[in-house]
Amino acid sequence: MSVEITTEIVIDRPRAEVAAFAADPDNATDWYEHVKRVVWRTRRPLAVGTRVGFLAESLGKQLEFVYEITALVPGERLVMRSLEGRFPMETTYSWRDEPGGGTRMSLSNHAEPRGVGRLSATLLRRSMRRSNANDLSRLKAVLESRS
């Protein structure tokens with residue numbers, strides 16, 4: 001059973017600014033609630049094939065998710081994939097212009113739970129939906145508070 005979640009938000013900042021900030025792994029700790037540290041596993045800059053570790057804390061546990069960038073169109077789309085653990089995940093960011101100069105950002109996750117993880121697919125879906133909405137709200141607050 002796969003889990004597919006897409007969440008969108010409109011951010012009152014130009015697309016180039018939103019995309020550059022959100023696509024930079026070093027900014028993940030500013031807007032992802034559970035990401036506490038970022039570790040580059042390959043050299044910068046961000047490109048297809050780059051691997052980045054996100055050290056997260058959730059429910060009192062520390063986890064590392066290593067993602068590989070599989071597609072990157074600056075200012076338009078970023079796709080990264082993790083194949084490890086009970087919940088292999090593909091995450092896609094996309095950005096498009098909104099009337100008035102804002103940006104619509106879409107955050108999509110596609111997971112293929114394995115083993116025991118399959119039993120919790122419904123819980124995973126609910127948790128991902130809530131986390132995505134919270135993280136995008138944080139991103140909006142961070143970017144809109146900048147001058």
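**Strands 5 to 7**

I began with Ser82 in this predicted model and looked for its partner across the sheet: Ser82 stands opposite Met89 of strand 6. I then counted the bridges for that pair of strands. Strand 5, residues 77-82, and strand 6, residues 89-97, run antiparallel and are joined by 6 bridges.

Next I moved on to strand 7, residues 103-111. Strand 6 is antiparallel to strand 7 too, with 9 bridges between them. As a sample pair I picked Thr91, whose bridge partner in strand 7 is Asn109. I also checked the link between these two strands: they make a hairpin with 5 residues in between. Gly100 sits in that turn, and I noted its positive phi of about 90 degrees.

**The core**

Which residues have the most contacts inside the largest nonpolar core? I found Trp31, Phe54, Tyr93, Trp95, Met105 and Leu139, in a core of 33 residues. I followed up on Leu139. Setting aside neighbours within four places in sequence, I see Leu139 in contact with Ile11, Phe21, Ala22, Trp31 and Met105.

**A buried acid**

My last stop was Asp135, which is part of helix 3, residues 121-144. Is Asp135 buried or exposed? Asp135 is buried, and I found no salt bridge for this residue. The nearest side chain of opposite charge belongs to Arg138, at 4.8 Å, while a salt bridge needs a nitrogen-to-oxygen distance within 4 Å. I then asked what else surrounds this acid. Beyond neighbours within four places in sequence, Asp135 is in contact with Trp31, Tyr32 and Glu33. Trp31 thus turns up again, having appeared in my contact list for Leu139.

Notes. Residues numbered from 1 in each chain as written. Predicted model: local features only at pLDDT ≥ 70, side-chain atom pairs only at ≥ 80, totals over all residues. Heavy atoms only, no water. Core = buried A, V, L, I, M, F, W, Y, C linked by side-chain atoms within 4.5 Å. Buried < 20%, exposed > 50% of the residue type's maximum accessible area, 1.4 Å probe, protein only. Contact = heavy atoms within 4.5 Å. Pairing = 2+ DSSP bridges. Helix = DSSP H or I, 4+ residues; strand = E, 2+ residues; numbered from the N terminus. Lys, Arg positive; Asp, Glu negative; His and termini not counted.
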